[in-house]
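Let's walk through this structure together, starting with a few charged contacts and then moving on to how the strands line up. Have the 3D view open as you read.

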Amino acid sequence: MSVNKTSISAIIITKNEQDSLKDCLESLSWVDQIVVVDSGSTDGTLELAKQYTQDVYSNTEWPGFGKQKQLAQNYATSDWILAVDADERIDHTLRENIVKMLENPPADTVFNLNELTWVFGRFLKHSGWYYRHVRLYPRELTTYNDNLVHESVIVPEGTQVAELDGDILHFSYRNIEHYLVKSAGYAKAWADQREARGKRVTLGQGVLHAIGCFAKMYLLKRGFLDGKAGFLIAVLSAHSTFVKYADLWARQHDSHYRK
């Protein structure tokens with residue numbers, strides 16, 4: 001008697017990820033389907049993706065991270081979804097545990113997975129940068145929310161949240177310039193969301209939140225144990241926090257502002 005195998009699709013959204021995408025795709029060679037949704041790459045991202053999967057799509061009218069991941073999920077056909085970013089890789093331990101879980105998957109359950117980020121020469125085990133979030137879930141159970149940035153999987157009421165050992169290895173920033181470009185994009189998306197809701201801020205709030213960000217990351221989250229990289233990412237995160245408040249404040253006080 002044949003037994004139906006529980007299948008899994010990996011979903012990835014991309015834009016100009018030629019330098020990162022190959023390692024990501026190769027770490028997903030074991031899944032049943034890889035879905036890539038691109039938002040207008042001008043490098044070799046699309047050509048590279050097509051070497052690994054036929055499920056490559058384009059949506060250049062950027063709706064935000066949450067809705068773009070919803071779109072990627074809509075193209076998926078497997079029983080389970082594994083959401084991965086182009087600059088991430090699935091390590092061997094996590095791969096083995098996912099495969100084992102799929103042999104007898106639990107009902108109404110989503111999985112929190114570890115994300116371990118490489119920043120400026122080392123993996124950060126502290127600083128609040130080694131954490132779990134839902135990345136693995138049944139396709140018909142849920143999807144991502146609509147957030148423009150800092151999107152997350154909706155956990156329906158009554159759903160169990162379980163964990164698996166192993167790591168998603170996140171190679172987030174190539175250098176300081178790359179960090180600043182990415183953080184500026186996140187700051188704009190943050191300000192867009194709050195402007196749309198009619199939120200107002202002051203520069204004083206920006207300063208206080210920036211100081212709080214540094215203190216939380218470097219002291220409360222023991223970023224000092226991550227060495228110089230821990231100090232640097234705490235300073236840069238505080239800067240990014242201030243910038244998003246400054247962006248929204250500037251919109252409120254500049255009648256000539258254009259997005």
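Start with Lys5 and Asp32, whose side chains meet in a salt bridge at 3.1 Å, N to O. Lys5 sits in the segment before strand E1 (8-14) and Asp32 in the loop between helix H1 (18-26) and strand E2 (33-38), so this contact ties together parts that are 27 residues apart in sequence. Keep in mind that you're looking at a predicted model. How open is this pair to the outside? Lys5 counts as exposed, because its relative accessibility is 59%, and anything over 50% falls in that class. Asp32 is partly exposed, with a relative accessible area of 43%.

Now swing over to another salt bridge, the one between Asp192 and Arg251, where N and O are 2.7 Å apart. This pair also links distant parts of the chain: Asp192 belongs to helix H5 (residues 176-196) and Arg251 to helix H7 (residues 227-253), with the two 59 residues apart. Are these two side chains' residues buried or exposed? Asp192 comes in at 14% relative accessibility, and the cut-off for buried is under 20%, so Asp192 counts as buried. Arg251 is buried as well, at 7%.

Stay on Arg251 for a moment, since Arg251 also forms a salt bridge with Asp247, the closest N and O atoms being 2.8 Å apart. Here the two partners are 4 residues apart within helix H7, so about one helical turn separates them. Asp247 is buried, just as Arg251 is. Zoom out a little and you'll find a network of salt bridges that links Lys188, Asp192, Glu195, Asp247 and Arg251. For the structure as a whole, the salt bridge count comes to 12.

That's it for the charges; on to the strands. A good place to settle is strand E6 (residues 109-119), which pairs with E8 in the antiparallel sense over 6 bridges. To find the register, look for Asn114, whose bridge partner in E8 is Arg132. E6 also runs parallel to strand E9 (residues 160-171), and 9 bridges join the two. In that pairing, Leu116 stands opposite Leu169 of E9.

E6 has a further partner in strand E7 (residues 122-123): the two run antiparallel and are joined by 2 bridges. Trp118 is the residue to look for here, standing opposite Phe123 in E7. E6 and E7 form a hairpin with 2 residues between them, and Phe120 in that turn has a positive phi of about 50°. Why can we call E6 largely enclosed by the rest of the structure? Because 10 of its 11 residues are buried.

Finally, follow E8 away from E6. Strand E8 (residues 130-138) pairs with strand E4 (residues 80-83) too, in the antiparallel sense and over 3 bridges. Trp80 marks the spot on E4, with Pro138 as its bridge partner in E8. Put those pairings side by side and you can trace a path through the strands: E4 pairs with E8, E8 pairs with E6, and E6 is joined in turn to E9 and to E7.

Definitions and conventions: Residues are numbered from 1 along each chain as its sequence is written. This is a predicted model: local features need pLDDT of at least 70, side-chain atom pairs count only at pLDDT 80 or more; totals for chains, interfaces and linings use all residues. Side-chain values use heavy atoms; hydrogens and water are left out. Two strands pair if DSSP finds at least two bridges between them. Buried means under 20% relative accessible area, exposed over 50%, partly exposed in between (1.4 Å probe, protein chains only). A salt bridge is a side-chain nitrogen of Lys or Arg within 4 Å of a carboxyl oxygen of Asp or Glu.
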